[in-house]
Structure formats: structure tokens, C-alpha cells
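Student: I would like to take a close look at a single part of this model. Please set that part in the context of the whole chain.

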Amino acid sequence: MNIIVAGCGKIGATIVQSLVAEGHDVTVMDINSAVIEEMTNLYDVMGACGNCADCDTLKEAGIEETDVFVAVSDSDELNMLSCFLARRMGAKHTIARIRKPEYNDSDLVFLRQQLNLSMAINPEMLAAQELYNILKFPAAVKIETFSRRNFEMIEVRLSPESPLDGLNLITMREKYKAQVLVCAVQRENDVFIPDGSFVLRAGDKLGITATQGEVMKFFKALNVYQKQAKDITILGGSRTAYYLAQMLVEGGSSVKIVEQDAEVCQYLSQDIPKATIIHGDGARQELLLEEGIKDTGAFVALTGMDEENILISIFVSSLDVPKVIAKVNKEELSALAENLGLDTIVSPKKIISDVLVRYVRALDNSSSSSNIETLYHLMDGKAEAIEFRVSADFEHLNVPIKDMDLKDDIIIAGIIRERKPMIPSGNDVILPDDRVIVIAADQRLQELSDIMKKG
Amino acid sequence: MNYRMVLYTTGKIIGAEAVCLLVSALVSLLYWEISGVWLLVSALIGGLLWLASRFFKPEDEIFFAKEGLVTVSLSWLVLSLVGALPFYLSKEIPGFINCFFETASGLSTTGASVVENVELLSRGILFWRSLTHWIGGMGVLVLVMAVAPSAPGRSMHMLRAEMPGPVIGKLVPKASTTARLLYVIYIGLTFVLVLLLLCGGMPVFDSVVHAFGTAGTGGFGVKADSLASYSPYLQWVITAFMVIFGINFNLFYFILIRKFSAALKSTELWVYVGIILTAVVAIFCNTFFMYSSWEEGVRHASFQVAAIISTTGYSTTDMNVWPTFSKAVLLLLMFMGGCAGSTAGGLKVSRFMLLCKEARTRIWHVLHPRTVKTVKFEGKAVENETLYGVSSYFSLYVFCLMTLFLILCLEPFDIETNFSAAVSIFNNVGPAYGAASLNYGAYSWFSKLCMAFAMLLGRLEIYPMLILFMPAAWSKK
């Protein structure tokens, strides 16, 4: 598929990286020729240097033959304009990053229609959404939902005192009688799709799938359940913080935002009157202590500086705050932060590239027998969870799962039939119009039939 | 420095050469020649080297600019060494240095020979000699990339090292698809040329060999007098195709996807055509009295101009007996070379244009010290970085050329011979004046070795070969 990515900042570069890994023909556009040079050296892409709303540059990048045009430059307005032009000049689908709050209210639908946008993405909003999910369920490292929240995929880390340490999966299921499935385990740098005899160890990161509510029961049985955090402190008044605070306030939590810039504080206090806005340098420990950081339910560091977020989060964890989340953009730092014991990291650019990869893959196989509905990267991108919608011409309908010849490192984690989710056993079958959730380690699935061994 | 990756990739490239050797062996065996056996043995050795390199399969395929450049230059050296084996083993060219010179000359598409009488060589050997032109013209790495299922990221460094010109863009986003397209165009044009030559009554073997020599802008033929004994029609066809293979291949791609206006907008193309026409007129006015008809005068003038500016080096007449003015024009054209992104050697028309434009802004700057001027090329502003690149390339180019000239002057030949030989060798043209007008057999082994190296230096545009001698390129970090 021919894809143009306009704007090669942090997010643009991540998108390009994952699209190239998917094997697409990618052309990058940027106003800065040094960036283009860097991108063409790093990845197998073509470069076009210039303003991405300039018709000549668009033509040079081959806009007439483009399937997907992604505009992720710094400016919302430029993204909208270039998508509008791209669409008029022949691009089949256009995706724009639009992140200013004033465009992201009820006007967005109107804007999207008028500009003929296939999708508007808002990294900060998506990041806030993910943070919100985690704060609702603080025991998890990461939460993803499938099929309108009927089905959840949760990543948790086993603590050394966890009762699961040393149990194998069959005993675990018998002991706790929980309707959950451990579908992926990350131990150090390897990802396993475990079978029943797999023995869990402290320090493992588990991927658990279950229908909604079951995970909570399971965690209660394990005695690791933490209540939803009600009292939350956010460091930094970024856009993510704005969206997150809004969601939390609407959900009835009390929110405190610490921000250095007086103007930003002013603006936050106007738009989110229910939140407490503190003007001050959140990097100062006294200030945090003064604001009662010790008794807060959760702490989220969302400043623009990864390093600051990590360091302050370490300090706050040392005060026994139950849930601490640091936003980290740079991948190399995220690994470092995990080594330091911070296990909840949200990287907006990863969320964006997940969304895009899913969109493009779904476009790619829109003609085949199964549609991708949802796609997540799990375990630091080493595994994928994909929700397929099954159509009537899937070859292995009505075959019990235990008789299917599945590839290694693949598991069918869930089937949703007529809005009812279930964890399949070996005797279950796949029917048309089912939604099937598949977890795969170290491989890419284009369509549902890819889970079968070939030949 | 990722040694394993460098060796592994070099091995792949040797593998590609082994396949080409195998093809030559088959041609040779078709004619029932003993040299076919030696070609087969060489192919086998190449194949073994490729197998040996499989043991170096790297754990991490990380590849930086340094690895890319070292891989390219190392591969071209090893390619020349392995490619020399059939000449040496079959004893058709005496002495390994001579064989190495011949292969380097072939791969770098120079076409300078040490063979006294090519008509004595067997057909398999002649075929292989010309095939080196063809694969060397577009680049062996580009070939490997075109055949390989997928190119790793950062492969641009290698593509750039093999493709001549100041700025190299891809045709399409994927490097492997770009390489494939280039070869499709290349094979297509070669095929058309073979057909046209066959139509003119040239024997099949001669057609293929000359098509290889023209496509790669090399210059190896099958006759001692190059193309002089062929019919005027054949000489005109070769003239046209020498010019065509000196054009930037991106333009052919534009034509292929029916963007004719984009192809015709290229200023480099028009400057190239303009230089050719001017040179033809100048030489024709200077030499027409030597020939019996107008047609003959125009034909020889245009053939020679096309042969020199595209750095092919075929000839239809003895340039040595031409007046000094014509010889000087041809000598200057040797510096020029074809367009960027073509199979031709030399400085390239686009570099020459950038140098002139840069010089003009400098002069303007002297008149108006506060003036701000931007150098534009093909309708686009040129980055300062590119201009510095061109200027520094030019100084390196002059420096290398002068060094080669000095080394050659140790030989007992006159200055005209040595200077034209140095220019011709370094720009991958082939023929020179004076004692070197027929072949380079008269030079000593040391000069031949230096010239062989200079040919590769010229083909890869200096940097990749030079960094091979920098200790910093080989350090572990």
C-alpha cells in the first residue's frame, strides 16, 4: 500500500517505523531537509522535502497514487489543510492529527465530514483514555478493551509476594476458579504463549484476558485488588493532563494539577473548574509534600520531560503512593524506567502507531474473509492482540478449536458471539459473525486464516 | 564496525558474480571452448566464497553509513579479484596483475585493455569481459538488492555509494523495488539495442557483446579496431545508445510511468545534449577535410563525442591523427562524463553545472558583497550542504587525478600520453592518446596496479574506496 506520512516528529517517526515494518511503500514529507535525510537513511522510505500543504510537493511525493495520507505535523490547521488537498488530489484515505481541545469537542464530527477525513487522531486524548483506564483499575500495568468494552486484556506484573509465584496455570485455574486466561507471559526479554503446565514466577509480566468484571473477581481472590483511585495528583498541565483531568472529574474523582506556567494554570482553571490547579514547580519535593502527596491515591507525571517524569515518580513511589504513572516518550528511557521499578508507562506515540497500523491493516484486507476490528501491541510490542470479525467464508467454521492445526505461539483468547463474550475451550467452534480475539507472539497476522499452519 | 555483516553482504555479492560467471561458462561451452572449463572453475570458487560467507551470518543486522561504504568498496575489490580468475586460469591474458587490470577496467566500465590483440581471445572470455561492463554499469549491489527479497533499513548508504551523482533519490519508496525498476529499464534498453544491432546484420555474439559494452558505457569489443569495420548504420545505432546510456535513469522511469513533461523538464538533460551538439559541430569543422563525404565526417565526429562523453570509449576512427583542437575537446569531455544516475563515469554534468553556478554566485558576491543569492538546480534551491559536498568532491577528484598523473609520469612516455591516460582511466573512459592509444600493455606492473585502483576509485566516486584506507573505518567502534 502506498502511504505518505507528512511531518516527521516523534510521532511521525514512530508511525513510519511501524508502517515500514509492515512492508508498506512509505513516502515521508517534512519541511526540514535534515529530517528527511535522517529518515531516508534510517528507514527504507522515499523523501519529499517541502510544505505538506503545497501542491507541488504533494505531487512530487506521488499523491495521485496514494492509498493513505497521514498528516501528523505540529500544526492542526496544516494537517487539516494538507489532508483536504491530498484528498482532492487523489489520496484515497486521509488521516489527520488534530489535538487542540477547541477542535476536539462536538465540532470534530462536522470538521471530519467537511474535510472528508477518514480519521482524526488525537494522541493526547488517546493517551488520556489509556491513563484513565489504568486509574480505574490500578493493579494493572496496562488495560485494553475489545469489542465495546465487553472483553478486557490486562497486563499485570507479579510481585514477589504474589500467591501465584511458582504455580502452574492448571493449578491456578483450579485453585481460584476464575474465568480468566493467561494468554501471554513476558519474562525478561522473551514473550511466551503459555500452556497449562507453564509455571509462573515473580517478576513475570502477565497478559490476562477475561470478560468484563471477571478480572476484578480474580484479583480480589488473589488479594491484590486495589480500589479505583479517587484522589489523583497530576504533574504538568499538558494537553494529556487536560483531557485526563476532564475525564476524571466527570467520573467523580478529585483532581489536583501542578503546573509551572501561570498562563497554562489560568486556562486550566477556566476549562476545568472542578479541578484544583496549583501554580508552582512540581519538581520541588517540598511543594509536593505540602500539597499532601503522601495521602494521594495516585500520581501521574505528565510533564514534557521524560527524565523529570521518571525522577519525580521514583521519589513519589518512595512515599508509598499506591499508584504512580510516569509518561515516557523515548523508548530507551522506558526500558530504563522499568528497571528502576516504575512499571506503568504510557507512550502516546505507541498508541498512535497501534491505531494506524490497525487502520491500514484493516484497509489491506477489507476484501478478505475476516476484518480486523481492534489491534493492540502487548508486552513492549513483542506480541499482538487482534480482534477479527469472522465472515461466512472463513474456511474453518464449525471446527472444534482442539482440532484446528494452529501455528505455534498463537492462542485464541476469546470469542464474542451476539455480544456475549466467552473464553473458548477446546470444544468450542468459530461461527460466522463471531468476533475472535487472537494473541500472537513474534508474528504478524493479516487475517484470521493466518493463525492456521500452512499446508 | 559490524565485520560479520560486511563479510556476509560481500559474500552475497560474490555469489551474484558467480552466477554471472556461470552464464559466461555456458556461453563458452556452447562454442565448445576449453575456456569454459576455467570459467566454470572460477564460478565454483566464487560459489565457495559465497558459501564460506554464510558462516558469518550476523546476529545483529545493524548497518550504518560506515559499514555500507566499506561493504561497497570491499566488494568491488573482491569482485575484481575473483573476476580476474578466468583470464588468469585460462592463460589467455598473461600475469595476474594484467588480469586484475582487465577485470577492474571491465567492472568500472572503463574499457581500457592490456590485451595486444582481442581477436585472439576465446568467445567465452570475451563474453565474460563484456558482461563485467554490464553488471558494473548499473552496480552489482543494486543487482543483489533487486533480487533479494527485502532490503534492510539503512540500505540507502549502499545504493548511494554505487549510484553516481551528487544527490541520489529513489524512484519509489522501497530500495528493492527501486533497484528492480532500474534493472528492468536497463535490461529493456539493452534488449532493444541488441535487436537494432541484429537488424543491421551484426552477428549475434558481436551484438550481445557490444550491447553490454554500450549499456555499461564500458568499451570492450571483439575487434582490434573497435567498431571501425562495422556498417555506418551500426555505428549510428551505437552512437545513439551511448548517448542514451549517459542519461539519468530517473528520466526513463518518468517516461515509463508516462510523465513525459517531468522527463523533458530536466535541465541536466538539455545541458548534456547541448554539450554534445556543440562538441560535434566543433570537431566536425575541425576534421571534415580528412574524410571523403559529409556523412562520414559527421558520423565520426558524433560517434567519437558520444563515445567519450558517455565514457564508453569505442572508436570508429583513429583519434590520434586528428588535429590538436579536436583532441583537446575530447580530452575535456572526458572530465565531463554523462548525467548523474546513469551508467557513465566522469565528473557528471550535474556536478559541473553546480560548480559553474556556485562560481557565478561567488563572482557576483565579489561585486556585491552584501548580496544574498540561492543556487537553484532543476527548479529547486540547492542546500549549502550539497554545494559543499560538490566542491569538496571536486578538490578530492583533482587531487586523486594529479596523483595518478604523477605516478604515470615515472614511465618513459611523453606528457600527452601520460596525462590523457590518467584522465581517461580515472574517468572510466578507456582510450587515451600517444603510446596508450591502442592498449595499456606498455605500462609497468606498478602503474597498472595504480590504474586498476584508480578505475575503481573513479567508478565509486572516490569516497568509498578512500575510507577503506582510513584506520578509523576499521576500528571496532
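Student: Among contacts in chain A between residues at least 6 apart in sequence, what percentage join residues at least 24 apart? With that settled, please examine helix α8 of chain A closely.

Tutor: The model is a predicted one. In chain A, 63% of the contacts between residues at least 6 apart in sequence join residues at least 24 apart. The chain has 14 helices and 22 strands, and 45% of its 455 residues are buried. Its radius of gyration is 23 Å, which agrees with the value near 23 Å for a compact globule of 455 residues. The C-alpha trace spans about 65 × 65 × 40 Å along its principal axes.

Four domains divide chain A: domain 1 (2-121), domain 2 (145-222), domain 3 (231-321) and domain 4 (356-451). Helix α8 of chain A covers residues 214-222. Its buried residues are A:V215, A:F218 and A:F219. Seen down the axis of α8(A), these buried residues fall within an arc of 95°, so they line one face of the helix. As background to that pattern, an α-helix has 3.6 residues a turn, so residues three or four places apart point the same way.

The partners of this buried set can also be named. The buried residues of α8(A) pack against one helix segment, α7 (169-176), and against β8 (151-157), β9 (180-187) and β11 (205-211), also of chain A.

Terms used: Residues are numbered from 1 along each chain as its sequence is written. Chains are lettered from A and ligands numbered from 1 in the order in which they are written. This is a predicted model: local features need pLDDT of at least 70, side-chain atom pairs count only at pLDDT 80 or more; totals for chains, interfaces and linings use all residues. Domain bounds come from an automatic or database domain assignment. A residue is buried if 20 or more other C-beta atoms lie within 10 Å of its own, exposed if 12 or fewer, and partly exposed in between; C-beta atoms are placed from the backbone. Helices (H or I, at least four residues) and strands (E, at least two) are DSSP runs, numbered from the N terminus. The arc is that of the directions from the helix axis to the C-beta atoms. Two residues are in contact if their C-beta atoms, placed from the backbone, lie within 7 Å. The radius of gyration is taken over C-alpha atoms; the globule rule is 2.2 Å times the number of residues to the power 0.38.
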